[in-house]
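Let's walk through a model with a ligand in it, one question at a time. Have a look at the structure, then follow along.

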Amino acid sequence: MPMLAVVNALGDGVRLAKSGLGRRLSFVFGALISTIVGAVILINVQTQLQLVHERQELRLFHLLDMATEVSLPYLIEGRAAELDIIFEELRGQPDVLDLFIVDPDGVTVVESDEEDGLDFLKTSDDILTRAASETGEIQRRTFERVQQIAKPLLIGNVNYGTLRLDFDPEGFQADSEKVWTTNLLAGILFVLVGLFTSNIVSARLVRPLNRLTRATERAAGGDLDQTISVSTNDEIESLATSFNTMLIALRSSIQEIHEVAYKDKLTGVPNRAWLSHQLEQIAIEASSRQEAFSVLFLDLDDFKSVNDNHGHHVGDMLLVLFADRLRKCVLDTGLVLLNVGSVRSGSNYRFESDAVVARLGGDEFTIVVPTSLCHVLVERIIDIMQEPLRVEGLTLRTTTSIGVANFPDHAPSCELLLKHADVAMYQAKRAGRNTFALYDGDQHRLAIERQELAADIRDAIDMDQFVIFLQPQFYISDGMVSGAEALVRWNHPVRGILGPDMFLPLAAGAGLLPDIGRLVMRKTLAAAQRILPSVDVPLTFAMNLSVDELADEKFVEDLLWRIDAANLPAGTIELEITENTAMSDGSAITQRLERLRLVGTRLAIDDFGVGYSNLGRLKGLAFDTLKLDRSLLQDVGEDEEAEDLMATILAMAQVMKADVVAEGIETETQLSVLGKYPCKYFQGYLGARPMPVDHFVVWLDQQLAQAPQDKVC
Ligand code: C2E
Ligand code: MG
Ligand code: MG
């Protein structure tokens with residue numbers, strides 16, 4: 001959906017910004033804090049080191065000045081011994097390593113280090129004191145960390161000697177190291193605190209964005225029923241506000257899209273797409289919660305004729321009223337009707353009280369109901385449909401056929417469930433409409449088998465899979481063979497030999513009867529041509545013709561031509577038409593039958609006694625044989641009434657001057673009763689069952705070789 005794509009894209013954007021921003025903020029804050037702390041620490045260290053250095057210089061010059069001040073009076077007065085004592089005291093200072101005076105002649109006059117006393121009154125070779133004495137200026141140098149300083153002791157132009165002081169700066173160096181250590185530790189501490197704070201600050205800044213991201217992710221996942229609250233009083237807050245506005249707009253446009261996509265425009269009930277989706281959810285939920293529900297598949301009976309007779313506008317109005325009635329019936333049953341936009345979805349569907357009415361298309365509707373209320377609802381709908389509907393001044397009486405399939409008993413998936421409810425609806429239609437049928441798996445399997453067979457028939461014709469079996473007919477008087485009836489069989493490559501009941505109705509539905517009839521016709525004529533020359537008795541070969549075949553002019557022409565071309569003795573071919581075919585309207589059929597008789601065929605009325613015969617019409621039809629249906633003869637010999645009925649029909653046939661074939665004779669009793677009446681032939685298992693042509697040829701040879709008294713009857 002494009003809307004969701006927009007939300008997705010927004011989510012991605014915010015997520016990116018979030019991760020990028022969070023990282024960047026932490027980095028920037030961290031770097032800033034580290035730089036500031038570093039700079040402050042550096043300045044601080046520099047200042048403190050400067051101070052230490054100044055203090056060191058101050059101390060050095062303080063010692064130098066002090067030594068100068070105390071030594072000058074003693075030097076002037078030449079009191080070296082007392083000066084020595086004072087120097088000793090000065091030497092006691094921890095930072096004074098050495099202290100001595102060299103007179104202008106280069107002789108050491110005062111030496112602080114009296115322990116060795118070696119240099120006292122000796123000529124000094126100290127370069128530093130010499131340089132100070134020569135230049136008259138203070139000289140200094142650093143030797144192995146020791147600060148050495150020499151100062152000429154001048155009063156006016158008079159040089160009293162040079163004072164040299166060796167100063168140990170160790171105390172100040174320790175101070176410098178302390179400055180570094182404390183500042184470094186403080187720096188690390190500040191940087192750590194800074195980084196920690198920067199993380200917290202950036203997390204705080206990013207948090208509203210995170211919330212926004214999560215909201216967009218939820219929205220992209222389809223959750224549009226949310227609002228995000230951010231009160232940062234900045235751009236993020238306005239972004240959140242825009243986001244909420246967008247969600248409201250999305251909600252309403254999705255609602256509109258739903259209405260357009262899932263509501264049937266004509267009736268206002270949900271359409272097929274919505275139903276399929278809901279049904280899938282409901283089925284998933286039902287499976288996991290082990291619940292059951294039913295699906296009703298409804299189809300208006302004869303809706304097409306409403307459209308044809310009154311126009312599509314009236315048809316549409318009828319559908320609207322029908323949908324209203326369905327809704328009303330559901331509500332009257334105490335169920336809650338779910339619609340497009342209903343808050344409840346598959347996951348919280350209430351199996352005991354929720355129902356759905358949907359239009360699949362055309363005049364097909366579906367209702368989803370709790371199985372326990374299904375029967376009540378079906379009866380209510382059938383009942384309410386008895387009341388006529390008023391559409392634009394017209395009073396329309398229409399009924400509905402309903403198929404019911406239960407989940408999970410009749411189908412494990414919603415797709416199959418709908419299909420099976422549809423199959424059941426067709427069962428209801430076949431049962432006479434205005435009724436309902438519960439899905440029957442066995443019937444469905446049969447129907448599928450029939451469908452598969454129907455699909456195979458055309459190929460079977462092309463592949464010459466239809467064969468004829470011949471069932472002998474006999475003279476009742478002496479049991480001699482009088483002929484045979486050709487009965488079609490399908491030599492199915494997988495299912496074996498199939499009887500005509502299995503495929504003739506399907507072939508009729510597919511308009512293929514004449515094609516099968518042609519094969520039967522060819523094979524029967526071929527069998528007659530093959531058998532007749534080798535026998536010395538006349539035989540009749542009967543074949544069955546359906547009304548479809550007779551109605552097909554080309555078929556009849558073909559038949560006429562082939563019978564003529566076969567050049568068989570007149571009366572060899574007998575065409576059997578059922579009583580009902582004989583009664584069917586149409587002078588064309590009568591004319592065709594007459595033309596067929598003209599080429600020497602006989603005409604038999606088959607299955608006589610089970611159809612509706614109009615004796616007047618029958619009399620007008622030139623036929624030669626009446627074949628009494630098996631059902632009329634079944635009880636003969638055991639039931640007097642059956643015998644009376646048979647006797648009456650035989651008397652009537654006699655009046656009509658027709659030969660009679662008693663069909664389906666299975667017992668000697670039936671045959672012996674028949675022998676008392678004017679019935680010329682019989683056919684039935686007692687005589688022989690239908691058999692392939694090759695078997696028939698062998699069987700016939702054996703029969704004709706036997707004397708009449710040895711025959712079966
Ligand atoms: P039908 O023409 O009345 O054929 C007689 C049916 O009765 C045959 O069934 C036969 O097998 C059966 N039958 C014969 N004797 C007995 C008996 O003693 N007991 C019992 N229970 N049944 C017996 P089949 O072959 O199943 O044919 C059924 C029907 O199919 C035929 O009834 C006929 O109406 C139709 N049919 C068969 N072949 C053709 C054909 O080539 N074309 C057309 N249009 N219909 C055919
Ligand atoms: Mg027949
Ligand atoms: Mg029959």
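For the class counts below, Ala, Val, Leu, Ile, Met, Phe, Trp, Tyr, Cys and Pro count as nonpolar, Asp, Glu, Lys and Arg as charged, and the others, Gly among them, as polar. Keep in mind that this is a predicted model.

Q: How many nonpolar residues are in the lining of the largest pocket?
A: There are 40 residues lining this pocket, and Glu 485, Leu 487, Pro 500, Asp 501 and Asn 544 are the ones nearest its centre. Sorted by class, the lining has 10 polar and 12 charged residues, and its nonpolar count is 18.

Q: What space does ligand 1 take?
A: Start with the volume on offer: the largest pocket holds about 1100 Å³ of space. Strand 15, helix 12, helix 13 (513-531), strand 17 (540-545), helix 14 (547-551), strand 18 (573-578) and strand 19 each give two or more residues to its lining. Ligand 1 takes up the space of this very pocket, the largest pocket.

Q: Which element gives the largest share of the shell around ligand 1?
A: The shell has 22 residues, with Glu 485, Asn 544, Asp 606, Glu 666 and Tyr 685 the closest. At least two shell residues come from each of strand 15 (481-492), helix 12 (500-509) and strand 19 (602-608). With 4 residues, the largest share belongs to strand 15.

Q: How many charged residues does the shell around ligand 1 have?
A: Going by class, 8 shell residues are nonpolar and 5 are polar. The charged count is 9.

Q: Which side chain has a polar atom 2.9 Å from a nitrogen atom of ligand 1?
A: Let's set the oxygen contacts aside. A polar side-chain atom of Glu 485 is 2.9 Å from a ligand 1 oxygen, and an N or O atom in the side chain of Asn 544 is also 2.9 Å from an oxygen of ligand 1. The protein covers 81% of the 790 Å² of accessible area that ligand 1 has on its own. For the nitrogen atom, the partner at 2.9 Å is Gln 471.

Q: Which peptide bond is cis, with omega near 5°?
A: Most peptide bonds are trans. Look in the loop between strand 12 (400-407) and helix 10 (414-430), where Pro 408 lies. The cis bond runs from Phe 407 to Pro 408.

Q: What is phi of Gln 290 near?
A: Most residues other than glycine have a negative phi. Gln 290 sits in the loop between helix 6 (272-289) and strand 6 (293-300). Its phi is positive, near 55°.

Key: Residues are numbered from 1 along each chain as its sequence is written. Chains are lettered from A and ligands numbered from 1 in the order in which they are written. This is a predicted model: local features need pLDDT of at least 70, side-chain atom pairs count only at pLDDT 80 or more; totals for chains, interfaces and linings use all residues. Side-chain values use heavy atoms; hydrogens and water are left out. A residue is near a molecule or strand if one of its heavy atoms lies within 4 Å of it. A polar contact is a pair of N or O atoms within 3.5 Å; within protein, one must be able to donate a hydrogen and the other to accept it, and residues adjacent in sequence count only if both atoms are side-chain atoms. Accessible areas come from the Shrake-Rupley method with a 1.4 Å probe; for residues, only the protein chains shown count as cover. On a 1 Å grid over the protein atoms alone, a cavity is a set of points where a 1.4 Å probe fits but cannot get out, and a pocket is an open set with protein on both sides within 12 Å along at least five of seven lines; lining residues have an atom within 4 Å of a point. A molecule sits in a cavity or pocket if more than half of its atoms lie within 2 Å of its grid points. Grid points are joined across faces, edges and corners, and a volume is the space filled by probe spheres set on the points.
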